[in-house]
Amino acid sequence: MSAPAKKGGFLSSLTSTFANFGSGAYTKVNSLLGHEGLEVVNPEGGQEDVEEEAIRGRFKQEDRESYWKMMHKYIGSDITSMVTLPVIIFEPMTTLQKMAELMEYSHLLDLADQCEDPHMKMVYACTWAVSVYPAYQRTWKPFNPILGETYEMVKHNGITFLAEQVSHHPPMSSAHAENEHFSYDITSKLRTKFLGNSVDIYPVGRKGRYEVDGYVYNKDEEPKILITGKWNSSLSCQPCDLEGEPLEGTELQEVWKCTEQPKGDKFQYTHFAHVINSFDTAPQGLLPSDSRLRPDRYALEMGDMSKAGSDKTSLEERQRAEKKLRESKNAEFAPRWFNLTGDKAPTPWGDLEIYEYNGKYSEHRKQEEANAAGKTVDVEQLKKIPFNPWQFEQSEGQSVAYGGQVLPVSQSS
(Lines give C-alpha, C1' and ligand atoms only; values in the text may rest on other atoms or scores of the structure.)
Protein backbone atom coordinates (compact mmCIF):
# COMPACT_ATOMS: atom_id res chain seq x y z
CA MET A 1 0.00 0.00 0.00
CA SER A 2 1.39 3.39 -0.97
CA ALA A 3 1.55 6.31 1.41
CA PRO A 4 -1.39 8.62 0.74
CA ALA A 5 -0.86 11.18 -1.98
CA LYS A 6 -0.89 14.69 -0.60
CA LYS A 7 -2.60 17.57 -2.33
CA GLY A 8 -2.01 21.06 -1.09
CA GLY A 9 0.43 23.92 -1.30
CA PHE A 10 3.35 25.27 0.54
CA LEU A 11 2.85 26.49 4.12
CA SER A 12 -0.53 28.01 4.77
CA SER A 13 0.35 30.71 7.18
CA LEU A 14 4.01 31.46 6.76
CA THR A 15 4.10 35.13 7.71
CA SER A 16 7.44 36.87 7.99
CA THR A 17 7.40 40.41 9.33
CA PHE A 18 10.41 42.68 9.10
CA ALA A 19 10.53 44.81 12.24
CA ASN A 20 10.46 48.60 11.83
CA PHE A 21 13.64 49.91 10.27
CA GLY A 22 15.35 51.94 13.00
CA SER A 23 18.79 53.42 13.47
CA GLY A 24 20.50 50.16 14.43
CA ALA A 25 22.80 48.31 12.09
CA TYR A 26 20.45 45.33 11.79
CA THR A 27 16.77 44.65 12.04
CA LYS A 28 15.56 41.27 13.16
CA VAL A 29 13.04 39.15 11.32
CA ASN A 30 10.11 38.21 13.53
CA SER A 31 7.95 35.36 12.34
CA LEU A 32 5.28 32.91 13.31
CA LEU A 33 7.90 30.38 12.30
CA GLY A 34 10.37 31.60 14.93
CA HIS A 35 13.14 33.09 12.84
CA GLU A 36 15.34 34.14 15.74
CA GLY A 37 18.81 34.96 14.53
CA LEU A 38 17.92 35.69 10.91
CA GLU A 39 18.79 39.24 10.01
CA VAL A 40 17.80 41.79 7.39
CA VAL A 41 20.04 44.74 6.66
CA ASN A 42 18.77 48.18 7.60
CA PRO A 43 19.28 50.45 4.57
CA GLU A 44 20.25 53.22 6.98
CA GLY A 45 22.70 51.00 8.86
CA GLY A 46 26.22 51.91 9.83
CA GLN A 47 29.69 51.00 8.61
CA GLU A 48 29.74 47.67 10.47
CA ASP A 49 26.63 46.74 8.54
CA VAL A 50 28.36 47.49 5.24
CA GLU A 51 31.46 45.50 6.12
CA GLU A 52 29.47 42.48 7.26
CA GLU A 53 27.44 42.31 4.08
CA ALA A 54 30.50 42.96 1.92
CA ILE A 55 31.99 39.80 3.42
CA ARG A 56 28.83 37.92 2.50
CA GLY A 57 29.09 39.35 -1.01
CA ARG A 58 25.54 40.66 -1.16
CA PHE A 59 25.17 44.35 -0.36
CA LYS A 60 27.09 47.58 -0.96
CA GLN A 61 26.28 50.87 0.75
CA GLU A 62 25.24 52.60 -2.49
CA ASP A 63 23.15 49.58 -3.53
CA ARG A 64 21.26 49.54 -0.24
CA GLU A 65 20.36 53.22 -0.42
CA SER A 66 19.27 53.21 -4.07
CA TYR A 67 17.22 50.04 -3.81
CA TRP A 68 15.50 51.19 -0.64
CA LYS A 69 14.45 54.44 -2.32
CA MET A 70 13.16 52.49 -5.31
CA MET A 71 11.15 50.09 -3.15
CA HIS A 72 9.25 52.93 -1.43
CA LYS A 73 6.94 53.28 -4.44
CA TYR A 74 5.80 49.66 -4.05
CA ILE A 75 4.48 50.05 -0.49
CA GLY A 76 1.00 48.54 -0.29
CA SER A 77 1.40 46.60 -3.53
CA ASP A 78 1.15 42.91 -4.27
CA ILE A 79 4.78 42.40 -5.23
CA THR A 80 4.05 39.23 -7.20
CA SER A 81 2.55 41.51 -9.85
CA MET A 82 5.35 44.07 -9.93
CA VAL A 83 7.02 44.79 -13.24
CA THR A 84 10.45 44.07 -11.80
CA LEU A 85 12.30 43.60 -8.53
CA PRO A 86 16.03 44.05 -7.92
CA VAL A 87 18.06 40.84 -7.96
CA ILE A 88 19.74 41.93 -4.74
CA ILE A 89 16.81 40.42 -2.81
CA PHE A 90 16.78 37.12 -4.75
CA GLU A 91 18.30 33.70 -4.23
CA PRO A 92 19.52 31.69 -7.27
CA MET A 93 16.50 29.40 -7.28
CA THR A 94 12.98 29.59 -8.70
CA THR A 95 9.71 28.85 -6.95
CA LEU A 96 9.54 25.58 -8.91
CA GLN A 97 12.88 24.50 -7.44
CA LYS A 98 11.70 25.60 -4.02
CA MET A 99 8.83 23.14 -4.39
CA ALA A 100 11.37 20.39 -5.06
CA GLU A 101 12.93 21.07 -1.65
CA LEU A 102 9.89 19.32 -0.20
CA MET A 103 11.56 16.10 -1.31
CA GLU A 104 14.74 16.47 0.78
CA TYR A 105 13.50 14.08 3.46
CA SER A 106 11.25 11.97 1.24
CA HIS A 107 12.82 8.82 2.70
CA LEU A 108 10.33 9.33 5.54
CA LEU A 109 7.50 8.64 3.08
CA ASP A 110 9.32 5.51 1.95
CA LEU A 111 9.49 4.38 5.58
CA ALA A 112 5.78 5.12 6.01
CA ASP A 113 4.96 2.88 3.07
CA GLN A 114 7.23 0.06 4.26
CA CYS A 115 6.07 0.20 7.88
CA GLU A 116 3.55 -2.44 9.03
CA ASP A 117 2.51 -0.61 12.21
CA PRO A 118 -0.29 1.84 11.24
CA HIS A 119 0.60 4.22 14.05
CA MET A 120 4.29 4.41 13.12
CA LYS A 121 3.22 4.79 9.51
CA MET A 122 1.46 7.97 10.57
CA VAL A 123 4.49 9.08 12.62
CA TYR A 124 6.69 8.94 9.52
CA ALA A 125 4.14 10.71 7.33
CA CYS A 126 3.55 13.49 9.88
CA THR A 127 7.27 13.92 10.48
CA TRP A 128 7.81 14.37 6.76
CA ALA A 129 5.08 17.05 6.69
CA VAL A 130 6.98 18.96 9.39
CA SER A 131 10.41 18.38 7.81
CA VAL A 132 9.61 20.73 4.93
CA TYR A 133 9.53 23.79 7.22
CA PRO A 134 13.30 24.51 7.36
CA ALA A 135 13.38 25.10 3.60
CA TYR A 136 11.10 28.11 4.07
CA GLN A 137 13.01 30.04 6.71
CA ARG A 138 15.45 31.60 4.24
CA THR A 139 14.71 35.29 3.73
CA TRP A 140 15.82 35.53 0.07
CA LYS A 141 13.10 35.65 -2.57
CA PRO A 142 13.09 32.90 -5.23
CA PHE A 143 12.65 33.92 -8.89
CA ASN A 144 9.09 33.90 -10.19
CA PRO A 145 8.93 31.26 -12.94
CA ILE A 146 8.14 32.26 -16.50
CA LEU A 147 4.78 30.94 -17.71
CA GLY A 148 5.47 27.44 -19.05
CA GLU A 149 8.77 27.12 -17.17
CA THR A 150 9.48 23.68 -15.70
CA TYR A 151 11.82 21.94 -13.29
CA GLU A 152 12.76 18.24 -13.46
CA MET A 153 14.65 16.23 -10.87
CA VAL A 154 15.77 12.61 -10.93
CA LYS A 155 18.36 10.54 -9.08
CA HIS A 156 17.20 11.52 -5.59
CA ASN A 157 15.78 8.65 -3.58
CA GLY A 158 14.36 7.08 -6.73
CA ILE A 159 12.04 10.05 -7.22
CA THR A 160 10.89 11.57 -10.47
CA PHE A 161 9.87 15.18 -9.81
CA LEU A 162 8.29 17.65 -12.23
CA ALA A 163 6.99 21.16 -11.63
CA GLU A 164 5.43 23.57 -14.13
CA GLN A 165 4.35 27.21 -13.96
CA VAL A 166 0.70 26.89 -15.00
CA SER A 167 -0.45 30.50 -14.52
CA HIS A 168 1.24 33.90 -14.47
CA HIS A 169 -1.59 36.08 -13.10
CA PRO A 170 -2.03 34.94 -10.41
CA PRO A 171 1.32 33.12 -10.08
CA MET A 172 0.50 29.41 -9.79
CA SER A 173 2.70 26.33 -9.93
CA SER A 174 1.88 22.64 -9.98
CA ALA A 175 4.17 19.71 -9.25
CA HIS A 176 4.13 15.93 -9.19
CA ALA A 177 6.58 13.60 -7.45
CA GLU A 178 6.58 9.83 -7.36
CA ASN A 179 8.69 6.77 -6.71
CA GLU A 180 7.82 3.15 -5.96
CA HIS A 181 6.52 4.07 -2.50
CA PHE A 182 4.42 7.21 -2.91
CA SER A 183 3.06 9.92 -5.17
CA TYR A 184 2.68 13.56 -4.18
CA ASP A 185 0.81 16.35 -5.96
CA ILE A 186 1.05 20.06 -5.25
CA THR A 187 -0.72 23.19 -6.42
CA SER A 188 0.74 26.44 -5.15
CA LYS A 189 -0.68 29.94 -5.40
CA LEU A 190 1.38 32.77 -3.94
CA ARG A 191 0.34 36.27 -2.93
CA THR A 192 2.61 38.76 -1.20
CA LYS A 193 2.25 42.34 0.00
CA PHE A 194 5.05 44.83 0.59
CA LEU A 195 4.33 47.25 3.43
CA GLY A 196 7.61 49.16 3.60
CA ASN A 197 8.44 47.93 7.08
CA SER A 198 7.13 44.40 6.54
CA VAL A 199 6.65 41.68 3.96
CA ASP A 200 3.78 39.25 4.42
CA ILE A 201 3.85 35.96 2.52
CA TYR A 202 0.69 33.89 2.12
CA PRO A 203 1.20 30.49 0.51
CA VAL A 204 -1.25 27.60 0.92
CA GLY A 205 -0.91 24.56 3.22
CA ARG A 206 0.36 24.11 6.76
CA LYS A 207 1.49 26.35 9.63
CA GLY A 208 3.79 25.89 12.56
CA ARG A 209 6.51 27.12 14.92
CA TYR A 210 9.81 25.73 16.11
CA GLU A 211 8.13 23.70 18.84
CA VAL A 212 6.29 20.58 17.69
CA ASP A 213 4.16 18.44 20.01
CA GLY A 214 1.40 16.05 19.03
CA TYR A 215 -0.04 12.56 19.16
CA VAL A 216 -0.97 9.76 16.83
CA TYR A 217 -4.41 8.41 17.75
CA ASN A 218 -6.08 5.10 17.03
CA LYS A 219 -9.54 4.73 15.50
CA ASP A 220 -11.09 5.17 18.96
CA GLU A 221 -9.33 8.55 19.28
CA GLU A 222 -6.98 7.24 21.96
CA PRO A 223 -3.38 8.53 21.93
CA LYS A 224 -0.88 5.82 21.01
CA ILE A 225 2.36 7.65 20.18
CA LEU A 226 3.55 11.13 21.10
CA ILE A 227 5.68 13.19 18.72
CA THR A 228 7.86 15.99 20.06
CA GLY A 229 10.80 18.17 19.06
CA LYS A 230 11.63 21.25 17.01
CA TRP A 231 11.11 21.53 13.28
CA ASN A 232 14.45 23.29 12.85
CA SER A 233 16.44 20.52 14.56
CA SER A 234 14.83 17.08 15.09
CA LEU A 235 11.66 15.17 15.94
CA SER A 236 11.31 12.10 18.15
CA CYS A 237 8.49 9.76 19.11
CA GLN A 238 7.58 7.57 22.09
CA PRO A 239 4.70 5.20 22.95
CA CYS A 240 2.25 6.78 25.40
CA ASP A 241 -0.65 5.80 27.66
CA LEU A 242 -4.27 6.91 27.39
CA GLU A 243 -3.37 10.12 29.22
CA GLY A 244 -0.71 10.94 26.66
CA GLU A 245 2.13 10.29 29.11
CA PRO A 246 5.20 8.26 28.01
CA LEU A 247 4.92 4.55 28.78
CA GLU A 248 7.25 3.27 31.46
CA GLY A 249 10.22 1.39 30.12
CA THR A 250 10.18 3.25 26.79
CA GLU A 251 12.46 6.00 25.51
CA LEU A 252 12.23 8.77 22.97
CA GLN A 253 13.30 7.53 19.54
CA GLU A 254 14.64 10.07 17.04
CA VAL A 255 12.67 9.87 13.82
CA TRP A 256 14.20 12.74 11.86
CA LYS A 257 17.10 15.17 12.13
CA CYS A 258 17.40 18.40 10.17
CA THR A 259 20.42 18.59 7.88
CA GLU A 260 22.97 21.18 8.97
CA GLN A 261 23.73 24.04 6.62
CA PRO A 262 27.33 24.37 5.44
CA LYS A 263 29.04 27.08 7.48
CA GLY A 264 29.28 30.42 5.74
CA ASP A 265 26.95 29.46 2.89
CA LYS A 266 25.89 32.71 1.24
CA PHE A 267 22.25 31.69 0.78
CA GLN A 268 21.88 29.38 3.80
CA TYR A 269 21.52 26.41 1.44
CA THR A 270 21.77 22.83 2.60
CA HIS A 271 23.65 20.33 0.45
CA PHE A 272 20.32 19.23 -1.01
CA ALA A 273 19.43 22.81 -2.01
CA HIS A 274 22.68 22.98 -3.95
CA VAL A 275 21.88 19.61 -5.53
CA ILE A 276 18.60 21.05 -6.79
CA ASN A 277 20.53 23.65 -8.80
CA SER A 278 23.02 21.06 -10.01
CA PHE A 279 22.76 19.38 -13.41
CA ASP A 280 23.72 16.14 -11.65
CA THR A 281 20.03 15.64 -10.88
CA ALA A 282 18.93 16.54 -14.43
CA PRO A 283 17.63 13.73 -16.67
CA GLN A 284 18.54 12.80 -20.22
CA GLY A 285 16.54 14.95 -22.62
CA LEU A 286 16.19 17.82 -20.14
CA LEU A 287 13.31 20.08 -21.14
CA PRO A 288 14.62 23.45 -22.46
CA SER A 289 12.10 25.15 -20.16
CA ASP A 290 13.99 23.94 -17.04
CA SER A 291 14.77 26.47 -14.29
CA ARG A 292 18.45 25.47 -14.19
CA LEU A 293 18.82 26.99 -17.66
CA ARG A 294 17.56 30.45 -16.72
CA PRO A 295 20.41 32.89 -17.46
CA ASP A 296 19.44 35.28 -14.65
CA ARG A 297 19.34 32.51 -12.05
CA TYR A 298 22.70 31.14 -13.17
CA ALA A 299 24.33 34.60 -13.24
CA LEU A 300 23.20 35.24 -9.66
CA GLU A 301 24.52 31.85 -8.61
CA MET A 302 27.89 32.82 -10.13
CA GLY A 303 27.82 36.16 -8.28
CA ASP A 304 27.31 38.39 -11.35
CA MET A 305 24.47 40.58 -10.12
CA SER A 306 24.71 43.02 -13.02
CA LYS A 307 24.18 40.29 -15.61
CA ALA A 308 21.51 38.64 -13.43
CA GLY A 309 19.58 41.92 -13.37
CA SER A 310 19.79 42.54 -17.12
CA ASP A 311 18.91 38.92 -17.95
CA LYS A 312 15.96 39.03 -15.56
CA THR A 313 14.67 42.19 -17.26
CA SER A 314 15.05 40.60 -20.69
CA LEU A 315 13.05 37.54 -19.65
CA GLU A 316 10.29 39.67 -18.17
CA GLU A 317 10.09 41.80 -21.33
CA ARG A 318 9.92 38.66 -23.47
CA GLN A 319 7.12 37.31 -21.29
CA ARG A 320 5.12 40.52 -21.68
CA ALA A 321 5.66 40.45 -25.45
CA GLU A 322 4.46 36.86 -25.64
CA LYS A 323 1.37 37.76 -23.61
CA LYS A 324 0.51 40.44 -26.18
CA LEU A 325 1.07 37.97 -29.01
CA ARG A 326 -1.17 35.40 -27.34
CA GLU A 327 -3.89 38.02 -26.89
CA SER A 328 -3.60 39.10 -30.53
CA LYS A 329 -4.31 35.50 -31.54
CA ASN A 330 -7.16 35.14 -29.04
CA ALA A 331 -5.24 32.16 -27.72
CA GLU A 332 -5.02 30.84 -24.18
CA PHE A 333 -2.04 29.29 -22.50
CA ALA A 334 -2.48 25.58 -21.75
CA PRO A 335 -0.04 23.84 -19.40
CA ARG A 336 1.73 20.91 -20.99
CA TRP A 337 1.97 18.52 -18.05
CA PHE A 338 -0.98 19.47 -15.81
CA ASN A 339 -4.71 19.97 -16.36
CA LEU A 340 -7.05 22.37 -14.60
CA THR A 341 -9.60 20.22 -12.76
CA GLY A 342 -12.33 22.73 -12.01
CA ASP A 343 -12.03 21.86 -8.32
CA LYS A 344 -11.16 24.54 -5.78
CA ALA A 345 -9.71 24.30 -2.29
CA PRO A 346 -10.88 26.96 0.19
CA THR A 347 -8.14 28.95 1.95
CA PRO A 348 -8.19 32.00 4.28
CA TRP A 349 -7.24 34.15 1.26
CA GLY A 350 -9.67 32.82 -1.30
CA ASP A 351 -10.18 29.68 -3.32
CA LEU A 352 -7.23 27.77 -4.75
CA GLU A 353 -7.72 26.34 -8.24
CA ILE A 354 -6.49 22.74 -8.39
CA TYR A 355 -4.40 21.34 -11.23
CA GLU A 356 -3.76 17.63 -11.64
CA TYR A 357 -0.90 15.73 -13.22
CA ASN A 358 -2.00 14.43 -16.64
CA GLY A 359 0.55 11.61 -16.93
CA LYS A 360 2.05 12.85 -20.21
CA TYR A 361 5.42 13.51 -18.60
CA SER A 362 5.74 9.86 -17.58
CA GLU A 363 5.28 8.88 -21.22
CA HIS A 364 7.78 11.56 -22.29
CA ARG A 365 10.35 10.37 -19.76
CA LYS A 366 10.04 6.73 -20.85
CA GLN A 367 10.64 7.76 -24.45
CA GLU A 368 13.67 9.87 -23.53
CA GLU A 369 15.16 7.04 -21.48
CA ALA A 370 14.64 4.63 -24.37
CA ASN A 371 16.37 7.04 -26.77
CA ALA A 372 19.28 7.46 -24.35
CA ALA A 373 19.71 3.77 -23.53
CA GLY A 374 23.36 3.00 -22.81
CA LYS A 375 24.34 6.67 -22.78
CA THR A 376 25.47 8.76 -19.82
CA VAL A 377 24.16 12.24 -19.13
CA ASP A 378 26.51 14.83 -20.64
CA VAL A 379 26.27 17.64 -18.10
CA GLU A 380 28.28 20.09 -20.22
CA GLN A 381 25.91 19.58 -23.14
CA LEU A 382 22.89 20.13 -20.89
CA LYS A 383 24.33 23.47 -19.76
CA LYS A 384 24.43 24.63 -23.38
CA ILE A 385 20.68 24.16 -23.91
CA PRO A 386 19.10 27.62 -24.49
CA PHE A 387 16.38 28.43 -21.95
CA ASN A 388 13.05 28.17 -23.76
CA PRO A 389 9.75 28.12 -21.85
CA TRP A 390 8.03 30.09 -24.58
CA GLN A 391 4.74 29.20 -26.18
CA PHE A 392 5.62 31.09 -29.35
CA GLU A 393 8.93 31.57 -31.13
CA GLN A 394 9.03 34.26 -33.80
CA SER A 395 11.02 33.52 -36.92
CA GLU A 396 10.64 35.15 -40.35
CA GLY A 397 7.00 36.03 -39.95
CA GLN A 398 6.04 32.77 -38.26
CA SER A 399 5.56 31.71 -34.70
CA VAL A 400 6.31 28.15 -33.64
CA ALA A 401 4.19 26.98 -30.71
CA TYR A 402 5.93 24.96 -28.02
CA GLY A 403 4.35 21.74 -29.24
CA GLY A 404 5.67 22.33 -32.75
CA GLN A 405 2.53 23.75 -34.39
CA VAL A 406 3.39 26.55 -36.86
CA LEU A 407 1.20 29.64 -36.64
CA PRO A 408 1.33 32.87 -38.67
CA VAL A 409 2.31 36.08 -36.90
CA SER A 410 0.67 39.35 -37.88
CA GLN A 411 2.98 42.19 -38.83
CA SER A 412 1.59 44.30 -35.98
CA SER A 413 2.73 41.77 -33.38
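Are Glu-101 and Arg-138 buried or exposed? In this predicted model, both residues are buried, and they make a good starting point for a tour of the charged pairs. Glu-101 and Arg-138 form a salt bridge in which the closest N and O atoms are 2.7 Å apart. Glu-101 sits in the loop between helix H3 (95-100) and helix H4 (107-114), while Arg-138 belongs to the loop between helix H5 (118-131) and strand S5 (141-143), so the contact ties together parts that are 37 residues apart in sequence. The pair also has company: Glu-91 and Lys-98 are linked with Glu-101 and Arg-138 in a network of salt bridges. Across the whole structure, the search finds 15 salt bridges.

Two further pairs lie within helices. In helix H7 (residues 295-301), Glu-301 and Arg-297 are 4 residues apart, about one turn of the helix, and their side chains meet in a salt bridge with an N to O distance of 2.9 Å. What is the accessibility of each partner? Glu-301 has 30% relative accessibility and therefore counts as partly exposed, whereas Arg-297, with a relative accessible area of 0%, is buried.

Helix H8 (residues 305-328) holds the other pair, Asp-311 and Lys-307, separated by about one helical turn because they are 4 residues apart. Their salt bridge brings the closest N and O atoms to 2.5 Å. Here the acidic residue, Asp-311, counts as buried at 15% relative accessibility, because the cut-off for that class is under 20%. Lys-307, in turn, has a relative accessible area of 39% and is partly exposed.

Terms used
Residues are numbered from 1 along each chain as its sequence is written. This is a predicted model: local features need pLDDT of at least 70, side-chain atom pairs count only at pLDDT 80 or more; totals for chains, interfaces and linings use all residues. Side-chain values use heavy atoms; hydrogens and water are left out. A salt bridge is a side-chain nitrogen of Lys or Arg within 4 Å of a carboxyl oxygen of Asp or Glu. Helices (H or I, at least four residues) and strands (E, at least two) are DSSP runs, numbered from the N terminus. Buried means under 20% relative accessible area, exposed over 50%, partly exposed in between (1.4 Å probe, protein chains only).
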